[in-house]
Amino acid sequence: MQDTYLNVRFTSYDNKDQVRAFPSFSLLTSPDQHVDLSPSIVARIERSFEDKKTDFIPVFTDEYHLLVLIVNKDLEQLRLDGAALYTRLKHERFENSVWREIEKSGLSQQEQYAFLEGFILSSYAFDKYKTDKKTQSMDLWIAKKSFVSLELDKLSLLAHAHSICKTLVNEPVNYMDSLVFSENVEQIGKQFGFQTEILHKEQIEALQMGGLLAVNKGSSTPPTFSVLTYQPQDAINAKPLILVGKGVTFDTGGYSLKISGNMLTMKCDMAGGAAVVGTIAALAGNKIPYYVIGLVPATDNKISSNALVVDDIITMMDGTSVEVQNTDAEGRLVLADALHYAKRFDPELVIDMATLTGASAAITGSFGTAVLGNEQHEINKLIESGELVYERLVQLPLWKEYRELLHSSIADMSNLGGPIGGVSTAAAFLQHFTDYPWVHLDIAGAAFIKETKGYRQSGATATPIRLLYTFIEQKCR
Ligand SMILES: [Zn+2]
């Protein structure tokens, strides 16, 4: 019996249409595609496996055939191998590659999936502003007989949602301000199958979101507050799980200005918001039966004569007065209103994600994310999911003493916690606005990287989409 093949096509950007300017992945069944390998090549490959000397061997024949072989390794190494293969194919300008497993490889489904995941995630490139684009089309043909039980459609869609998140973050603020971001959210909702509601400035004022409005005071672009709702009919949960993401489209620091080059890459300060969009897109696209709501407050943090200054006292949506001691601690101000807004949904759990503190990046580097919260059981599950997909979490303390560090002599709280425990005091500030099970992810270190490493391109990494997707998918099992 001939193999049939599943085709994953990587295509370049469509530069004419900004909203659709994402690499696309389409899965096509192509029953007439087949590859015949000569017995001598198969024997050579099988010998290599027995020797276990090589990671993978490409076999080039007269046509475009290529066979990839891998020896057993841990999942992350397999993802990196997938990335290395993609890089090689791209370098060789291969337009077609075929993937079929040899029986003796002994790879489990999970290992096959990891390898393909690394391969597909590597294909993203953000070059829409380059005149000379290096992006090229490439077709990967996967033998369905060999990979019959792999969830290829699921992986393809997850990679697509991943790319969307990266592009939202990689776009500079002159192309991706709060208004454009929200327009994108609406488009992505239509594309992937979830509801969207965009609250504009009048509604945000009517809701008295004092934190979001205060940060927005220095901007010529009004704020938006995006509400994403994915409530499938077969959802197994009655109360929603809510994802909240910081959407600061650019952070100058405000009058507590970022200096000495620290302002560079601050377009990434909406990586939490973009990850909320990407996660819900992946869940909706793959029809995961879980009720999830996303909340993304969006604004830039800039300077004007009207901008927020230190010493200002602002009143948050829940009525708490806050003494602003540092305008660069703006993320917690916009998030606090979103966390208060979440209460109206009576959530089973709220997970917020934000590029919140340099203190977090100093602890984790780009290798992981800090996690804090009041629901240890869920934190443990998140840590497990993080290990599985290699978006690792390290838990930091949320001791009550951190709250005392946010003391203000003239308001209910200060937005600044002082020189110690910066990740924990930021989380303690957020905790004040919660009355439900809650987990906070400080993704400041891992969300945006300078240099490409394996399947993570320089720029946005789309952390923690794979972590959250796995965490929520496992709730459905
Ligand atoms: Zn800031």
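These legends cover an overview and three close-up views of a predicted model.

**View 1. The whole protein combines helices and strands.** The predicted chain holds 14 helices and 18 strands. It has 477 residues, and 58% of them count as buried. Take the contacts between residues with a separation of 6 or more: 77% of these join residues 24 or more positions apart. The protein exposes about 19,700 Å². Carbon and sulfur atoms supply 49% of that exposed area.

**View 2. Helix 2 packs against helix 3.** Helix 2 spans residues 75-91, and helix 3 spans residues 109-121. Their axes lie 6 Å apart. The angle between the two helices is about 40°. That angle makes helix 2 oblique to helix 3, because oblique pairs here fall outside the roughly parallel range of under 35 degrees and below the roughly perpendicular range of 65 to 115. The crossing of helix 2 and helix 3 is right-handed. Which residues of helix 2 make the contact? They are Leu75, Leu78, Arg79, Asp81, Gly82, Ala83, Leu85, Tyr86 and Leu89. Helix 3 contributes Gln110, Glu111, Ala114, Phe115, Glu117, Gly118 and Phe119. By class, the residues of this contact between helix 2 and helix 3 are nine nonpolar, three polar and four charged.

**View 3. Tyr124 sits in a loop after helix 3.** The loop runs between helix 3 and strand 4, and strand 4 covers residues 138-143. Is Tyr124 buried or exposed? Tyr124 has 5% relative accessibility, so it counts as buried. The cut-off for buried is under 20%. Now find Gln457. Tyr124 and Gln457 are 333 residues apart in sequence. In space, their C-alpha atoms are 7.5 Å apart.

**View 4. Helix 9 packs against helix 13.** Helix 9 spans residues 331-341, and helix 13 spans residues 422-431. The two helices pack at an angle of about 35°. Their axes are 9 Å apart. Helix 9 passes helix 13 in a right-handed crossing. Which residues of helix 13 meet helix 9? They are Ala426, Phe429 and Leu430. On the side of helix 9, the partners are Arg332, Leu333, Leu335, Ala336 and Leu339. What classes of residue form the contact of helix 9 with helix 13? Seven are nonpolar, none is polar and one is charged.

Note on methods
Residues numbered from 1 in each chain as written. Predicted model: local features only at pLDDT ≥ 70, side-chain atom pairs only at ≥ 80, totals over all residues. Heavy atoms only, no water. Helix = DSSP H or I, 4+ residues; strand = E, 2+ residues; numbered from the N terminus. Buried < 20%, exposed > 50% of the residue type's maximum accessible area, 1.4 Å probe, protein only. Contact = heavy atoms within 4.5 Å. Areas by Shrake-Rupley, 256 points an atom, 1.4 Å probe, with all protein chains shown as cover. Axes fitted to C-alpha atoms, helices over the stretch in contact; angles between N-to-C directions. Parallel < 35°, antiparallel > 145°, perpendicular 65-115°, else oblique. Left-handed = near helix turned anticlockwise from the far one by under 90°. Nonpolar A, V, L, I, M, F, W, Y, C, P; charged D, E, K, R; others polar.
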